[in-house]
Amino acid sequence: MGRGLFVVLEGVEGAGKTTQARSLSEWFGRLGLPHVLVREPGGTPVGEAVRNLFLERGDWQIPPETELFLILAARGALVRQVIGPALARGEIVLADRFDLSTLAYQGFGRGLDLEEVSRANRLATGGVRPDLYLLLDLPAEEGLRRKGGGGDRMEREELEFFRRVRQGYLQLAEGSDSVVVIRGEGGVAQVQQALQRALSSRFAHVFVPGGPAGSSGPPLPEERS
Ligand code: T5A
């Protein structure tokens with residue numbers, strides 16, 4: 001059995017990753033494609049414990065380096081216990097965030113050295129790399145507006161932090177053929193169609209033409225790869 005397909009949704013807070021991941025999962029289901037849906041941090045007992053203190057402990061001062069190692073501790077478990085085995089079974093893995101988040105948030109956002117973050121990422125992932133990143137891009141203020149203010153430890157960061165994260169994502173996408181940028185400002189259905197179109201055009205052998213991705217509909221948001 002060949003290795004499955006590893007697809008990651010990325011973007012700032014409120015970009016629509018969770019909403020779109022759910023719809024993509026339903027689409028995979030309609031196409032009869034075995035898949036697993038994971039989110040970061042999370043997805044394993046260790047990962048969920050990390051998620052809880054990472055997001056909920058707004059009363060703790062967590063240095064950027066500690067943030068980095070918490071995230072990587074969760075990722076190390078997720079890759080070895082969930083992602084790797086699913087890929088080995090030949091399934092699709094759809095992840096709500098992965099290593100690009102760490103470069104964008106802990107690298108561009110917190111200011112940690114990008115080379116060091118990349119090296120640490122490689123240690124956590126054991127070299128398991130996504131086949132495609134779908135980056136939902138929208139202004140940081142629009143994403144935070146959708147979230148409605150307040151929120152978890154990260155969402156209480158200042159706007160400037162999220163602007164750096166967004167710019168970081170765009171910089172990472174620049175010139176990379178494994179990152180497709182999709183405008184996240186359209187309606188939910190419109191963005192979903194753009195995502196399906198991106199997957200179908202990149203992996204035509206997996207996502208059969210003429211299925212939901214091939215159907216006609218409203219104009220697509222701008223796509224760039
Ligand atoms: N983190 C994570 C790091 O710092 N480093 C790392 O390496 C990793 C992996 C995760 C936090 O951890 C940080 C980043 C994050 O701060 P989380 O709660 O999982 O925390 O945060 P997010 O992944 O950003 O989840 P969010 O829920 O905040 O954003 P989503 O998933 O992008 O957005 P979604 O789908 O939940 O939608 C948000 C709202 O917008 C509406 C939805 O209905 C919802 O109300 N919406 C739309 N509204 C209008 N038009 C659309 N097209 C819409 N799509 C969704």
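How much space lies in the largest pocket? In this predicted model, the answer is about 560 Å³. Of the 27 residues that line this pocket, Glu13, Lys17, Glu40, Arg51 and Arg97 are the closest to its centre. By class, the lining comprises twelve charged, eight nonpolar and seven polar residues. Helices H1, H2, H3, H4 and H6 each contribute at least two residues to the lining of the largest pocket, and H4 gives the most, with four.

It is helpful to turn next to the ligand, which sits in the largest pocket. A shell of 28 residues surrounds the ligand, and Glu13, Lys17, Thr18, Thr19 and Thr102 are the closest of them. Glu13 and Lys17 thus appear here as well as among the residues closest to the centre of the pocket. The shell is made up of ten charged, ten polar and eight nonpolar residues. At least two shell residues come from each of helix H1 (17-30), helix H2 (45-56), helix H3 (64-88), helix H4 (99-109) and helix H6 (140-147). The largest share of the shell, four residues, belongs to H4.

Individual contacts can also be picked out. An N or O atom in the side chain of Thr102 lies 2.7 Å from an oxygen atom of the ligand. For Gln106, a polar side-chain atom is 2.8 Å from a nitrogen atom of the ligand. Ala15 takes part through its backbone, where a polar atom is 3.1 Å from an oxygen atom of the ligand. Taken alone, the ligand exposes 1,000 Å², and the protein buries 82% of that area.

What, then, of the second largest pocket? About 410 Å³ of space lies within it. There are 17 residues in its lining, and those closest to the centre are Asp99, Leu100, Leu103, Arg129 and Tyr133. The lining of the second largest pocket divides into eight nonpolar, six polar and three charged residues. H4 and helix H5 (114-125) each provide at least two residues of this lining. The largest share, five residues, comes from H5.

Helix H4 is a handy landmark for anyone browsing the model. H4 supplies four residues to the shell around the ligand and four to the lining of the largest pocket, and at least two of its residues help to line the second largest pocket.

Note on methods. Residues are numbered from 1 along each chain as its sequence is written. This is a predicted model: local features need pLDDT of at least 70, side-chain atom pairs count only at pLDDT 80 or more; totals for chains, interfaces and linings use all residues. Side-chain values use heavy atoms; hydrogens and water are left out. A residue is near a molecule or strand if one of its heavy atoms lies within 4 Å of it. A polar contact is a pair of N or O atoms within 3.5 Å; within protein, one must be able to donate a hydrogen and the other to accept it, and residues adjacent in sequence count only if both atoms are side-chain atoms. Accessible areas come from the Shrake-Rupley method with a 1.4 Å probe; for residues, only the protein chains shown count as cover. On a 1 Å grid over the protein atoms alone, a cavity is a set of points where a 1.4 Å probe fits but cannot get out, and a pocket is an open set with protein on both sides within 12 Å along at least five of seven lines; lining residues have an atom within 4 Å of a point. A molecule sits in a cavity or pocket if more than half of its atoms lie within 2 Å of its grid points. Ala, Val, Leu, Ile, Met, Phe, Trp, Tyr, Cys and Pro count as nonpolar, Asp, Glu, Lys and Arg as charged, and the others, Gly among them, as polar. Grid points are joined across faces, edges and corners, and a volume is the space filled by probe spheres set on the points.
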